[in-house]
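This briefing goes through one protein model by topic. It starts with overall figures and then turns to individual elements and residues.

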Amino acid sequence: MSAARNQLLFAWLEVTGLCNEFCEHCYADSGPKGTHGSMTVQDWLTVIDQLADMGTLDVQFIGGEPTLYPSLPVLIKHAHGRGLGIEVFSNMTHIRSELWDAFAEHGVKLATSYYSDAAAEHDQVTQLRGSHKKTRANVQKALDLGIPLRGGVVAVRDGQRVQEAAQDLTALGVATVGGDRTRAFGRASNGAAPTIADLCGHCAREKCAIGPTGDVWPCVLGRFLNIGNVRERPIADIWGGALMNGVAADIAAVHGAGVQACTPPQFLPMCGPCGPCVPSVGHCDPKEADSAAGAATIGAPV
């Protein structure tokens, strides 16, 4: 598909592979031993300029844990100045005062993952003692400051209190609460090689992801499908280029015209084909939509 017919509207900017948590299901395989990669601050500023010049509408800063990236306020300010909509996907455990200021001043939206209303269970998933208390407190602070925030409840264990987690977020005042099951990427794959069949099929359609080394992927989960590097070529040359078109053709060969599975809603609702699931829906895969409600539960492990 040509770039003219497939405008790049959204980009995930993975500014770091460092994270203070070590979730067993992390699709990026990030953690305390991760790094900020080889992209410099100027590299990221250049990418933001290139995206804005291409007519991209929104970016989401991700990681790792993006709030651990020292220059995140600089990138936020620049993206806002270029007219981009901004969301930061954070575990909400480590937010410096300058970041709160940047969020409020530049119209940033936040998104976070939440695993249980029970602190011990949440902390077992993140493998960071006290993470539940910090996340919950900062969710409340964001709402008190009037900063929009989405929550995603990911089921990673049998018997996990996903329903109660969603209810807890709603009670705090979070207006949008999605849910998802574990996806077989990164640590969650248990060593299995990722395949195109594991993706939703919407990859490289109006969106891409850029990693800490400058690699460009068709989506955050499709990082095994490299379509270029922004340190070597401008994103405008990569988008719609021969390498990207080849990857898109490979994806289409597997998924065809009809996409059959949702991308995790905590990443980006536009990935479709359905909107973010909530626990009351009872399923997160369109293939299960016609099943009896009791036959499929949100977050059912794959």
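The protein contains 8 helices and 9 strands. The model is a predicted one. Of its 302 residues, 54% are buried. Details follow by topic.

**Overall figures**

- Among contacts with a separation of 6 or more, 69% are between residues 24 or more positions apart.
- The exposed surface of the protein is about 12500 Å², and carbon and sulfur atoms supply 53% of that area.

**Strand β5 and its partner β4**

- Strand β5 covers residues 149–155, and 7 of its 7 residues are buried, so the strand is largely enclosed by the rest of the structure.
- In a regular strand, side chains alternate between the two faces of the sheet.
- One side of β5 carries L149, G151, V153 and A155, and the other carries R150, G152 and V154; both faces are covered, with all of these residues buried.
- Strand β4, residues 109–114, pairs with β5 in the parallel sense over 5 bridges.
- Opposite L149 of β5 stands L110.

**Helix α6**

- Helix α6 spans residues 162–172, and its buried residues are V162, A165, A166, D168, L169 and L172.
- Viewed down the axis of α6, these buried residues fall within an arc of 155 degrees, so they line one face of the helix.
- An α-helix has 3.6 residues a turn, so residues three or four places apart point the same way.
- Q167 and A171 are exposed on the other side of α6.
- G173, just after α6, has a positive phi of about 115 degrees.

**Packing of α4 against α5**

- Helix α4 (residues 119–126) packs on helix α5 (residues 131–144) at an angle of about 105 degrees, and the two axes are 8 Å apart.
- This angle makes α4 roughly perpendicular to α5, since values of 65 to 115 degrees count as such.
- On the α4 side the contact involves A119, H122, D123 and T126, which meet S131, H132 and T135 of α5.

**Surroundings of L72**

- L72 is located in helix α2, which covers residues 72–81.
- The relative accessibility of L72 is 0%, so the residue counts as buried.
- Leaving out residues up to four places away in sequence, L72 touches F61, P66, T67, V88 and L99.
- F61 lies in the sequence range of β2, given as 58–62.
- E98 is 26 residues from L72 along the chain, and the C-alpha atoms of the two are separated by 9.8 Å.

**Backbone geometry to check**

- The peptide bond joining G63 and G64 is cis, with omega at about 25 degrees.
- G64 belongs to the loop between β2 and α2.
- D29, which is not a glycine, has a positive phi near 55 degrees.
- The loop between β1 (10–14) and α1 (41–54) holds D29, and this residue is partly exposed at a relative accessible area of 48%.
- E206 also is not a glycine, and its phi is positive at about 70 degrees.
- E206 sits in the loop between β6 (176–181) and β7 (207–210), and its relative accessibility of 34% makes it partly exposed.

Note on methods
Residues numbered from 1 in each chain as written. Predicted model: local features only at pLDDT ≥ 70, side-chain atom pairs only at ≥ 80, totals over all residues. Heavy atoms only, no water. Buried < 20%, exposed > 50% of the residue type's maximum accessible area, 1.4 Å probe, protein only. Helix = DSSP H or I, 4+ residues; strand = E, 2+ residues; numbered from the N terminus. Arc of directions from axis to C-beta. Contact = heavy atoms within 4.5 Å. Areas by Shrake-Rupley, 256 points an atom, 1.4 Å probe, with all protein chains shown as cover. Pairing = 2+ DSSP bridges. Axes fitted to C-alpha atoms, helices over the stretch in contact; angles between N-to-C directions. Parallel < 35°, antiparallel > 145°, perpendicular 65-115°, else oblique.
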